[in-house]
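Got your viewer open? Have the selection tool ready and follow along, one stop at a time.

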Amino acid sequence: MKLTKEHLVQIQSVANPVLSPNEAEAVFVRTMMNKEENTYNTHLFHVDLATEAVTQWTFGNTSVKSVQWSPDGETVAFLQKIKDVQQVFSMSRRGGEPQQVTDFAAGVSEFLWHPCGTKLWLEAAVAEGCLFGEKPVQDAKFPQAYEVPHLKYKQDGLSGHGLKQPVYKQIACLTIGTKAVEVFTTEAVNHTLQAISHDGTQLVIAKQIAEQQADDFSTILMFINTETKAQTVFLQADGAYGQVAYSFDDRYIAYVGHDATYKNATQNDLYVYDRETAWTNNVTIAMDMHIGDAVIGDVQQCIETPVIHWTELNDLYCQASVMGDVRLYYVTLDGAVYPASPEDEHVYSYDVFRSGNMALATISNPTFIGELFVLDITTGERRQLTYFNEELQNLPFSTPEQIIFARDGFTVYGWLLKPVQFETGEKYPLIVNIHGGPHAMYGNTFFHEMQLLAAEGYGVLYMNPRGSHGYSQAFVDAVRGDYGGGDYADILAALDEAIAQEPWIDRERLGVMGGSYGGFMTNWIVGHSDRFKAAVTLRSISNWTSFYGVSDIGYYFTEWQIGADMQDVDKLWQHSPLKYAQSMNTPLLILHSEEDFRCPIEQAEQLYVTLKRMGKDVSFVRFPKSNHNMSRTGIPSLRQERLNYIINWFAQHLLVG
């Protein structure tokens, strides 16, 4: 018995634990694929922390998100779609069916409980000329032209060709009993809910700067008085900031963000604003690490955990991405920072008891899919509360071994998986798997795709070349302006290191693959090296000159990453894998989603047509109704089909002869 592509449907993602106000119970969500409906269902579960009894609360072909306890702990509210429109629902902790709370034609995007428990703060997209909650009338028989309003007019993951509609997120307050709605914002810019004070007098929202372009990277955070509607800005700065949380005494506000010094390669820090002194402190300034979860995986679903949690003593906990781990860190107001969870694992969602001594956390590692635990932070002891993936845990998995080497002033880290049925003395093919981003990281988490390749008889090398988070600000920034330079050398050096250490690797049967930035790098590698016998490129970039104008992020991402725009086409072309198509002798499989607006499918089309016209060994597969995230959140049957193409391609080229 071994792991297969079909097991992807059986994997259950446990996430987002939320403690009740009495801290005697909690709720969380479990996401799994619905094979019959070919979709995902996210259901609400309850756990009694005294008895550890786990009970399912919602059922059917539905999904819930943004789960929150009412202030008195008697009700749980959440977002759920009804007739494809997202509304607020609630459930009594004593049982019963979910009750619909809101009924807006345009739906609700986010909500917060008011501390009184009788009101909800709502965030919803409001079209020009409509009242809060209204939906514009459209006649399908008479489609209208789309007048492009500004540069950032489309976005990957949106229906309707990815076109952004003329709507703005606004804030309102709903009185639950009377259904009365009081509108708090109307200006034609986006307003997003951040947090509400425990005394209910003050709301924090983020406000978009009018006419702001996507690459402007500036933030306004403001207070709104919940009685007078008076607005007070407490942060207006270059950079991206959010994830606001009030301390229990309402004196402090914590938030996460960065000043965009290195554009999107800038690491996040943790900031605290003192409402009494109006002073802001960067409490993690001394730590060269990224606050938040930067790990790439393919089994964790619908993660909505707050990055920050306060304790009643005005200390904080946060997630941080460090050396391939995502760990909990304990942070004090004066800037002391201590790890609060072990190495070699991925804490991908969590909640903390008010005392700060205990936590609920969902945890994964390379051979453990992920379950819910209760942690005693003071002693390090933990108890597992859920066992949804227990049957799959009986399958044989490959345990990674670290690859570490020094190069060009950096220490580079990676992992090597042996084939699951490894036998000493035998030779095995090896696949190098390159992550996207590039400002993400592979980490100590379960990755179905990696384990599947190992189960199919391959060694797998996956690593974090320069540009990856987790190893310092200098390391994550080092790729910018040097695509195909030091990063390319890091990857090949990791391969050389693995071959030197492991005599079982058959250097005549090497494969390479990757998606997004990893797809770019795969294209680049096969255009600059004949070491690989087969390659698979997914949702890739092949031509920066066209990417600049067709991607939803093209015009600014290209400038940030390559350091050039359309005034310097020579540099864009110099870094484009398509330029080196004549040198691409490795058999190449191109996989791409048809509704990918991040790396549009024309990137794949150009590469395929060029290589095919040159008589190269190339194949091209298109996935309908799929966007840039197809491999992680796409239609389940297509995710399995994608894996099947990868397995068959490498089997055809690496397992024969």
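The tour below goes from sheets to helices and cores.

**Before you click**

This is a predicted model, where local features need pLDDT of at least 70 and side-chain atom pairs count only at pLDDT 80 or more, while totals for chains, interfaces and linings use all residues. Residues are numbered from 1 along each chain as its sequence is written, and side-chain values use heavy atoms, with hydrogens and water left out. Helix and strand labels are DSSP runs numbered from the N terminus (helices: H or I, at least four residues; strands: E, at least two).

**Stop 1: the sheet E1 to E4**

Start by selecting residues 13-19, which is strand E1, and 54-56, which is strand E4; these are the edge strands, each pairing on one side only. Fill in what lies between and you have an open sheet of four strands, ordered E1-E2-E3-E4, with antiparallel pairing. Two strands count as paired if DSSP finds at least two bridges between them. On average, neighbouring strands of this sheet are turned by 30° against each other, direction ignored; axes here are lines fitted to C-alpha atoms (for helices, over the stretch in contact), and angles run from 0 to 180 degrees between N-to-C directions.

Now walk across, strand by strand. E1 pairs with strand E2 (residues 25-34) in the antiparallel sense over five bridges. Zoom in on Val14, which stands opposite Arg30 in E2, then on Leu19, which faces Ala26 in E2. The E1-E2 hairpin has five residues between its strands, and Glu23 there takes a positive phi near 60°. Colour E1 by accessibility and six of its seven residues come out as buried (buried is under 20% relative accessible area, exposed over 50%, partly exposed in between; 1.4 Å probe, protein chains only).

Stay on Arg30 and step over to His43, its bridge partner in E3. E2 and E3 are paired over 10 bridges, antiparallel again. Their hairpin leaves four residues between the strands, and Asn38 in the turn has a positive phi of about 60°. Strand E3 itself (residues 39-48) is mostly covered, with eight of its 10 residues buried.

One more step brings you to E4, joined to E3 by three bridges. Pick His46 and look across to Thr55, its bridge partner in E4. Five residues sit between E3 and E4 in this hairpin, and Glu52 in the turn has a positive phi of about 65°.

**Stop 2: Ile363**

Keep Val14 displayed and add Ile363: the two are 349 residues apart in sequence but 9.0 Å apart in space, C-alpha to C-alpha. Ile363 belongs to strand E27 (residues 358-365). Is Ile363 buried or exposed? At 2% relative accessibility, it counts as buried. Leave aside neighbours within four places in sequence, and its contacts (heavy atoms within 4.5 Å) include Tyr348, Phe368, Phe373 and Leu375.

**Stop 3: the sheet E17 to E20**

Next, select 240-246 and 279-282, the edge strands E17 and E20, each paired on one side only. They bound an open antiparallel sheet in the order E17-E18-E19-E20, where the twist averages 25° from one strand to the next. Five bridges link E17 to strand E18 (residues 252-258); to see one, show Tyr246 with its partner Ile253 in E18.

**Stop 4: a helix crossing**

Display helix H3 (residues 486-501) and helix H4 (residues 517-528), whose axes come within 11 Å and cross at roughly 80°. H3 and H4 are therefore roughly perpendicular to each other (the label covers 65 to 115 degrees; under 35 is roughly parallel, over 145 roughly antiparallel, the rest oblique). Show side chains for Asp487, Tyr488 and Ile491 of H3, then Tyr517, Met521, Trp524, Ile525 and His528 of H4, which make the contact.

**Stop 5: H6 and the cores**

Helix H6 (residues 554-562) has eight of its nine residues buried. These buried residues pack against helix H5 (544-550) and helix H7 (569-574). Just after H6, check Gly563, whose phi is positive, near 80°.

Finish with the largest nonpolar core, of 105 residues; Leu461, Met521, Val536, Trp544 and Phe650 have the most contacts inside it. Such a core is a set of buried Ala, Val, Leu, Ile, Met, Phe, Trp, Tyr and Cys residues joined through side-chain atoms within 4.5 Å. A second, separate core has 25 residues, among them Leu44, Trp69, Tyr348 and Leu385.
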